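Let's take a walk through a protein model together. Keep the sequence and the 3D view open while you read.

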Amino acid sequence: MSADRSPPSSLPDTALSFGDAPLLSASDVAVSFGDLDVISGVDLRVEPGSLVGLVGPNGAGKTTVLRAVTGAVEPDAGTVEIGGDPAASLSAKQVGRRVASVPQATNLAFDFRVRHVVEMGRTPHLGRFDAHGVEDDAAVDAAMAAADVARFDDRSITEVSGGERQRVLLARALAQAAPLLLLDEPTASLDVNHAVETLELVRAFVDDGDRGAIAAIHDLDAAARYCDEVVVLANGGVRAAGPPESVLSASTVGAAFDAEAFVGRDPATGAPAVTAFPHSDVESRRVHVIGRGRPTARVVARLAAAGHEPSVGVVPPGDAAAGAAADAGATAVTAPPFEAPSEATLAAARELAADADATLAVGTAEGRPTTADGPAEVVGVADGPNAEVAAAADRVVPVSPDASGAELLDAVAATTADGE
């Protein structure tokens with residue numbers, strides 16, 4: 001939540017309990033539209049106290065999965081159970097008491113007041129001719145306060161912004177007091193502040209242990225930060241599922257999104273942080289990197305994402321470059337700061353540089369790339385112990401700290417081509 005708002009003191013309670021049954025279970029679900037197979041073989045499960053994120057490229061079938069599990073789309077194959085009961089056996093009112101949905105589209109056909117829209121969430125709890133009672137009003141009030149829409153409750157829904165309308169639909173779902181919340185791109189129309197508040201609110205919704213949620217999320221970093229489990233959809237099926245730390249790998253993200261990816265660690269949250277790059281179509285090379293700090297970390301990350309095999313050193317163990325190497329599964333030769341590295345440490349770094357197809361020296365103002373015709377010329381490309389590391393390399397290229405990703409990859413390609 002923002003600094004000016006506290007987490008909601010309460011949310012509308014749900015009286016439903018399904019014992020040991022999961023809130024949602026889908027097995028081998030397939031949906032097609034005519035001759036077009038949209039999803040197939042989809043398995044997923046939402047337990048109480050869990051937030052499951054659906055991620056994947058546009059057209060992967062995330063919205064179709066959500067529609068299939070609520071009965072809005074009938075699966076061609078597979079089974080869906082809500083609270084342990086087959087979804088097909090439940091009436092619309094029974095489904096509404098168990099599942100509340102927040103759609104991606106926020107268009108509403110009629111000119112309702114905001115409060116009236118939220119009150120619609122109470123429909124599954126009312127008989128055909130029932131009026132709202134005290135319990136319904138309390139649920140609506142709590143939901144509107146939690147979603148921060150109470151301040152414009154008397155405004156027409158057509159007069160609020162797209163982001164405000166999205167929060168009104170979230171309030172409507174909360175007022176429904178169902179134990180399972182389904183959200184389709186819940187932060188797509190929101191500014192940064194309200195996007196964080198929305199995900200914090202969904203997290204609070206599930207953290208009481210009795211409720212759960214499944215959300216299609218476009219932002220991989222947000223999914224990693226807030227979800228207990230991530231399901232990666234691509235090409236109509238589940239490509240990976242599990243905790244964000246195990247699922248959001250460079251290989252999985254790259255294959256699902258058809259992009260080059262580097263997965264590091266967000267220093268503020270500790271969650272995986274995904275950076276995608278355009279395809280570079282390079283031939284994998286062994287590249288040793290000399291330098292330290294964030295500029296060198298950026299070089300290591302880009303090389304790893306492109307498919308090169310980077311190493312780095314000598315650097316302090318807590319240096320950003322060492323962290324990037326660890327995230328990439330690359331070798332980092334480290335030595336304590338303000339101490340001369342041991343001979344064994346220097347020997348390890350020299351060996352990496354000598355065996356590399358190219359060595360990049362980051363942040364040097366002077367220096368000349370070498371050729372295969374003679375020993376490396378390393379004047380000015382490194383100082384201190386790393387000068388010895390550079391001297392062990394056959395090919396050394398000075399790299400500006402602000403060189404673009406394309407320039408880095410071009411430097412590797414040009415240097416290795418010179419040596420062939």
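## The big picture

The chain has 14 helices and 17 strands. Helices (H or I, at least four residues) and strands (E, at least two) are DSSP runs, numbered from the N terminus. This is a predicted model, where local features need pLDDT of at least 70 and side-chain atom pairs count only at pLDDT 80 or more, while totals for chains, interfaces and linings use all residues. Residues are numbered from 1 along each chain as its sequence is written, and side-chain values use heavy atoms, with hydrogens and water left out.

How many of the 420 residues count as buried? The figure is 50%. Buried means under 20% relative accessible area, exposed means over 50%, and partly exposed is in between (1.4 Å probe, protein chains only). Then there are the contacts, meaning heavy atoms within 4.5 Å. Among contacts in the chain with a separation of 6 or more, 65% come from residues 24 or more positions apart.

## The largest pocket

The largest pocket holds about 470 Å³ of space. On a 1 Å grid over the protein atoms alone, a pocket is an open set of points with protein on both sides within 12 Å along at least five of seven lines, and lining residues have an atom within 4 Å of a point (a cavity, by contrast, is a set of points where a 1.4 Å probe fits but cannot get out). Grid points are joined across faces, edges and corners, and the volume is the space filled by probe spheres set on the points.

Which residues lie nearest the centre of this pocket? They are Phe262, Arg265, Arg294, Ala297 and Ala324, out of 17 lining residues. The elements giving two or more residues to the lining are β11 (260-265), β12 (272-277), α10 (293-306) and α11 (320-328). Helix α10 gives the most, with five residues. Sorted by class, the lining has eight nonpolar, three polar and six charged residues. Here Ala, Val, Leu, Ile, Met, Phe, Trp, Tyr, Cys and Pro count as nonpolar, Asp, Glu, Lys and Arg as charged, and the others, Gly among them, as polar.

## Two helices side by side

Two packed helices are described by the angle between their axes and the distance between the axes. For α5 (residues 162-175) and α6 (residues 192-207), the axes come within 12 Å and cross at roughly 10°. Axes are lines fitted to C-alpha atoms, for helices over the stretch in contact, and angles run from 0 to 180 degrees between N-to-C directions. So α5 and α6 are roughly parallel to each other; angles under 35 degrees count as roughly parallel, over 145 as roughly antiparallel, 65 to 115 as roughly perpendicular and the rest as oblique.

On the α5 side, the contact is made by Arg167, Leu170 and Leu174, and on the α6 side by His194, Thr198, Leu201 and Phe205. By class, that contact has four nonpolar, two polar and one charged residues.

## Helix α9 and what comes after

In helix α9 (residues 250-257), Val253, Gly254 and Ala256 are buried. Their cover includes α7 (220-226), β9 (229-234), β11 and β12.

Right after α9 comes Asp258, in the loop between α9 and β11. Asp258 is not a glycine, yet it has a positive phi of about 55°. Is Asp258 buried or exposed? It counts as exposed, at 58% relative accessibility.

## Other backbone oddities

Glu185 also isn't a glycine and has a positive phi, of about 50°. You'll find Glu185 in the loop between β7 (180-184) and α6, and it is buried, with a relative accessible area of 9%.

Next, look at the peptide bond from Gly313 to Val314: it is cis, with omega near 15°. Val314 lies in strand β14 (residues 309-315).

## Three buried residues to find

Leu24 lies in strand β1 (residues 24-33) and counts as buried at 0% relative accessibility. Leaving out residues up to four places away in sequence, Leu24 touches several others, including Leu44, Val46, Ile82 and Ile214. The C-alpha atoms of Leu24 and Glu47 are separated by 7.1 Å, with these positions 23 residues apart along the chain. To put it exactly, Leu24 and Glu47 are 23 residues apart along the chain.

Val396 sits in strand β17 (residues 396-399) and also counts as buried, at 0% relative accessibility. Its C-alpha atom is separated by 4.7 Å from that of Thr359, 37 residues apart along the chain. Finally, Thr64 is found in helix α1 (residues 62-70) and is buried, with a relative accessible area of 11%. Not counting residues up to four places away in sequence, Thr64 touches Val31, Phe33, Val38 and Ile39.
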